[in-house]
Amino acid sequence: MTQAVVGFSKKNKEEKINWLLETYLDNDPKALKTLQKYWNEDAGLQKLHDDFIENTLSNYYLPFGIAPNFLINDTLYAIPMVIEESSVVAAASNAAKFWLSRGGFKAEVISTEKNGQVHFNFYGEVEILQDFFDSVQPKLLASIEDIQKNMQNRGGGLKDIELLIASETLDGYYQLHCTFETLDAMGANFINSCLETIAKTFETEAQHYRPFLIAETFPEVVMSILSNYVPECRVRAEVSCKIANLNDKDIDGKTFARKFVRAIEIAKAETRRAVTHNKGIMNGIDAVVLATGNDFRAVEAGVHAYAAKNGFYNSLTHAKIEDDTFTFWIELPLALGTVGGLTSLHPLTKLAFEILQKPNAQQLMKIVAVAGLAQNFAAIRSLVTVGIQKGHMKMHLMNILNQLEATQQEKEYAVSHFKDNTVSHSAVVNFVESLRA
Ligand code: MEV
């Protein structure tokens, strides 16, 4: 049986790799080569990546691409995207091109408030707790003075603290619900530092509060953490045009608009479809969030909770036909940063911001929302017309050819052949085999 390793994080990289090779990889020299192949020859850059996490052994590449021609509020962007799925950037680019000649995308930030909670237990009189909370508030604020000085100077900081009685949901459960403005920072560290300090002050001050002492009941902090559910930090993006302008070689505008709106209605009515529908939106959103060094898990968790805000998971996008006009829009919560975190550390993230002309957090929210909307437009457009596989498999062709270790010449023959033939895994295998025979 494999023995647990002690003090692994203290080993150097070579020792860690040797341990891994011996323990799980039969000392396979190919495994070592694979890890080494992805090391960066620039030692400084490699060290930067080594330091991002614990126990770094190598680097894991994902493609960094751009989708050009995104007209957003009359400014033209090339949007950087990091994603492994073959058809996503192509779909985004197609949607950008489609809307470029139809007025482009309009986007607006609705609100920018973030939040976090001190979760605590209390089993005494609610009135006593409320009185204590009212009296201790100035001390809670004073305790975070140093932490929020810089943020306040820039116009942000803690906005409000509210005592929430949640004991109807869970016996003895209360919250200090805190709201924040973190400007161009995603703000996780700032919010968590504030919350932990507030929690400590709250608990310490409670120990000296006479009514608690008399009742021998004190609030007990369980934990303090920001929430990744940020419905008060919301953005909206939209496209709109005359239905006649939707006419296309595959379908007339009226039928297209009707089927498109129906596809959205289905995603609003049916969870199984809604999940796939929103997954397609997240193809665009995650790719830009990743390219700009933001936390895609936080965004994912918050966005999906928002999709279920009415107690029923459904579509993040909406569409309507009014008179002769088609409108398609998205509204979603996005807590993003353009300063702090990885944003100024990873060279490709820095480059992504330069490509985007150095946006602030609100501009980035708009760009990301547009990427999600565009991705959804491209998916629904394919789904209600020619189907998804045509474009998807065309883009996937190169992956299949690479799996088959096709030569450059075989690839060229295959690309030419599959211009007019349906791509499927077996069709590509047969084609390559026939070439080789
Ligand atoms: C594939 O990654 C995304 C789609 O399934 C989205 C959709 O069905 O709307 C094409």
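The following exchange between a biologist and a modeller concerns a predicted model of one protein chain.

Biologist: What makes up the protein chain, in helices and strands, and what does the chain span along its principal axes?

Modeller: The protein chain holds 16 helices and 10 strands. Its C-alpha trace spans about 90 × 70 × 40 Å along the principal axes. The chain has 437 residues, of which 44% count as buried. It exposes about 23,000 Å², with carbon and sulfur atoms supplying 51% of that area.

Biologist: How do you know what share of the contacts joins residues 24 or more positions apart?

Modeller: A contact requires heavy atoms within 4.5 Å. Among contacts in the protein chain with a separation of 6 or more, 71% join residues 24 or more positions apart.

Biologist: Why is Gln148 called buried?

Modeller: Buried means under 20% relative accessible area. Gln148 has a relative accessible area of 4%, so Gln148 is buried. The residue lies in helix α6, residues 145-153.

Biologist: What makes the pair of Gln148 and Leu158 a polar contact?

Modeller: The limit for a pair of N or O atoms is 3.5 Å, and one atom must be able to donate a hydrogen while the other accepts it. The backbone nitrogen of Leu158 lies 2.8 Å from a polar atom of the Gln148 side chain, which is within the 3.5 Å limit. Leaving out residues up to four places away in sequence, Gln148 touches Gly157, Leu158 and Phe190.

Biologist: Asn121 has 19% relative accessibility; why is it called buried or partly exposed?

Modeller: The buried class ends at 20%. Asn121 has 19%, which is under 20%, and therefore counts as buried. Asn121 is placed in strand β4, residues 114-121. Apart from neighbours within four places in sequence, its contacts are Gly172, Phe218, Pro219, Glu220 and Val222.

Biologist: And which class does Glu205 fall in, and why?

Modeller: Partly exposed covers the range between buried, under 20%, and exposed, over 50%. At 23%, Glu205 falls in that range and so counts as partly exposed. Glu205 lies in helix α7, residues 188-206.

Biologist: How do you know which residues Glu205 touches?

Modeller: The test is heavy atoms within 4.5 Å. Not counting residues up to four places away in sequence, Phe132, Val136 and Lys139 pass it. Glu205 and Lys139 are 66 residues apart along the chain, and their C-alpha atoms are separated by 8.6 Å. That separation refers to C-alpha atoms, whereas the contact test uses heavy atoms.

Biologist: What makes an empty space a cavity, and how many are there?

Modeller: A cavity is a set of points where a 1.4 Å probe fits but cannot get out. With a minimum of 30 Å³, the count comes to 2 cavities. The largest cavity holds about 60 Å³ of space, and the second largest holds about 40 Å³.

Biologist: Which residues line the largest cavity, and how do they divide by class?

Modeller: The lining consists of Met186, Asn228, Val230, Ala298, Val299, Gly302, Val303, Pro333, Leu334 and Ala335. By class there are 8 nonpolar, 2 polar and no charged residues. Gly counts as polar, so Gly302 belongs with the polar residues. Helix α11, residues 296-307, gives the largest share of this lining, 4 residues.

Biologist: What makes one residue of the second largest cavity's lining charged?

Modeller: Lys counts as charged. The lining includes Lys114, and the division is 5 nonpolar, 3 polar and 1 charged. Lys114 is therefore the charged residue.

Biologist: What sets a pocket apart from a cavity, and what volume does the largest pocket have?

Modeller: A pocket is an open set of points, whereas in a cavity the probe cannot get out. The largest pocket has a volume of about 1,300 Å³. It is lined by 40 residues, with Phe52, Gly293, Leu342, His346 and Thr349 nearest its centre. The largest share, 4 residues, comes from α7. By class the lining has 20 nonpolar, 17 polar and 3 charged residues.

Biologist: Which helix gives the most to the lining of the second largest pocket?

Modeller: Helix α13 does, with 8 residues. The second largest pocket holds about 930 Å³ of space and is lined by 34 residues. Its lining divides into 11 nonpolar, 14 polar and 9 charged residues.

Definitions and conventions. Residues numbered from 1 in each chain as written. Predicted model: local features only at pLDDT ≥ 70, side-chain atom pairs only at ≥ 80, totals over all residues. Heavy atoms only, no water. Helix = DSSP H or I, 4+ residues; strand = E, 2+ residues; numbered from the N terminus. Buried < 20%, exposed > 50% of the residue type's maximum accessible area, 1.4 Å probe, protein only. 1 Å grid on protein atoms, 1.4 Å probe; cavity = no way out; pocket = protein on both sides within 12 Å on 5 of 7 lines; lining within 4 Å. Points joined across faces, edges and corners; volume = space filled by probe spheres on them. Areas by Shrake-Rupley, 256 points an atom, 1.4 Å probe, with all protein chains shown as cover.
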